[in-house]
Amino acid sequence: MAKLLGNLNTAILLGTALLLIVLFGFHGNIVAAEGYANGFFRFLHVLVGIMWIGLLYYFNFVQIPTMPKVPAELKPAVSKYIAPEALFWFRWAALATVVTGLIVSMLSGYMIEALTLQSPYRLIGLGMWLAIIMAINVWFVIWPNQKKALGLVDADADTKAKAATTAMLFSRTNTVLSLPMLYCMVTQGALGGA
Ligand code: HEM
């Protein structure tokens, strides 16, 4: 058991095997049918969305508030090892969430209507725009500034400090936007948009 779960790759394989049992158990008769892709892409979309927003909450609820309490000699463990790895999964999950979300809207037949905030897709359209703004923040503000702040690219101490503050403020902005964004995502299907 320790051998199986001790390795992330085999643990993911185990999860995938269980996923396939559930998937074929419940939907084996419709996987080839029109409409199945919409359901499957929703699954992929929520999976990568959890990875993205989960790491956003890790930064905001765990790493940022705890860093000031970490002794100076231990800080490099976070800035050199943990944060760069977390940022890798964070930014690629953000991109994957945008792509899978746009695919879901396309397969649902309302991508343009939602992005132009037409009725009855204004709610999901708003959610999509909030999430697109968040993803732009990740790729064009947070990541470039984190690269400077973490010393992944050359920068003097003053530039590093400013970059760390900018990255933190945009990360906080994304945490703020995540609440209305997620409300739009999950209620469009259940309650309808306007
Ligand atoms: C630019 C980024 C995004 C786009 C374009 C997008 C698009 C969509 C679309 C079109 C739907 C289907 C709504 C419906 O008709 O029921 C949806 C659902 C959903 N989205 Fe997103 N989304 C994005 C970001 C996110 C993020 C960051 C999360 C965070 C976890 C998320 C979580 C969800 C959830 C949980 C659902 C409900 C799935 C369901 O009930 O079938 N989305 N999204």
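In what sense, left-handed or right-handed, does α3 pass α7? We'll get to that pair after a look at the whole, keeping in mind that this is a predicted model.

The protein has seven helices and zero strands, so there's no sheet to look for, given that strands are counted as DSSP runs. Reading from the N terminus, the order is simply α-α-α-α-α-α-α. Along its principal axes, the C-alpha trace spans about 60 × 50 × 25 Å. The chain is split into domain 1, covering 1-33, and domain 2, covering 35-191. Between the C-alpha centres of domain 1 and domain 2 you'll find 26 Å.

Now for the helix pairs. Two packed helices are described by the angle between their axes and the distance between the axes. Start with α3 and α4, whose axes sit 8 Å apart at an angle of about 150°. That angle makes α3 roughly antiparallel to α4, since anything over 145 degrees counts that way. Their crossing is left-handed. Sort the residues of the contact of α3 with α4 by character and you get 19 nonpolar, seven polar and one charged.

Move along to α4 (residues 75-107) and α6 (residues 122-149), which pack at about 155° with their axes 10 Å apart. Here too the angle makes α4 roughly antiparallel to α6. In passing α6, α4 makes a left-handed crossing. On the α4 side, the contact uses L87, F90, R91, A94, L95, T97, V98, G101 and S105. Facing them from α6 are M128, A131, I132, A135, V138, W139, W143 and Q146. By character, the residues of this contact of α4 with α6 come out as 12 nonpolar, four polar and one charged.

That brings us back to the opening pair. The axes of α3 and α7 come within 10 Å and cross at roughly 125°. With that angle, α3 and α7 are oblique to each other, and α3 passes α7 in a left-handed crossing. From α3, the contact draws on I53, L56, F59, N60 and I64. From α7 come M168, S171, R172, N174, T175 and S178. The residues of the contact of α3 with α7 split into five nonpolar, five polar and one charged.

Next, the ligand. Which helices each supply at least two residues of the shell around the ligand? They are α3 (36-66), α4, α6 and α7 (157-191). The largest share, seven residues, comes from α3. Of the 24 residues around the ligand, the ones that come nearest are G49, G101, A131, M185 and G189. Two of these names have come up before: G101 and A131 are also among the residues where α4 meets α6. As for character, the shell holds 15 nonpolar residues, eight polar and one charged.

Finally, take a look at the loop between α5 (111-115) and α6, which is where P120 is found. A cis peptide bond joins S119 and P120, with omega at about 0°. The loop between α5 and α6 is also the place of L117. L117 isn't a glycine, yet its phi is positive, near 55°. Why flag these two features? Because most residues other than glycine have a negative phi, and most peptide bonds are trans.

Notes:
Residues are numbered from 1 along each chain as its sequence is written. This is a predicted model: local features need pLDDT of at least 70, side-chain atom pairs count only at pLDDT 80 or more; totals for chains, interfaces and linings use all residues. Axes are lines fitted to C-alpha atoms, for helices over the stretch in contact, and angles run from 0 to 180 degrees between N-to-C directions. Helices (H or I, at least four residues) and strands (E, at least two) are DSSP runs, numbered from the N terminus. Angles under 35 degrees count as roughly parallel, over 145 as roughly antiparallel, 65 to 115 as roughly perpendicular and the rest as oblique. A crossing is left-handed if the near helix is turned anticlockwise from the far one by less than a right angle, and right-handed if clockwise. Two residues are in contact if their C-beta atoms, placed from the backbone, lie within 7 Å. Ala, Val, Leu, Ile, Met, Phe, Trp, Tyr, Cys and Pro count as nonpolar, Asp, Glu, Lys and Arg as charged, and the others, Gly among them, as polar. A residue is near a molecule or strand if its C-beta atom, placed from the backbone, lies within 6 Å of it. Domain bounds come from an automatic or database domain assignment.
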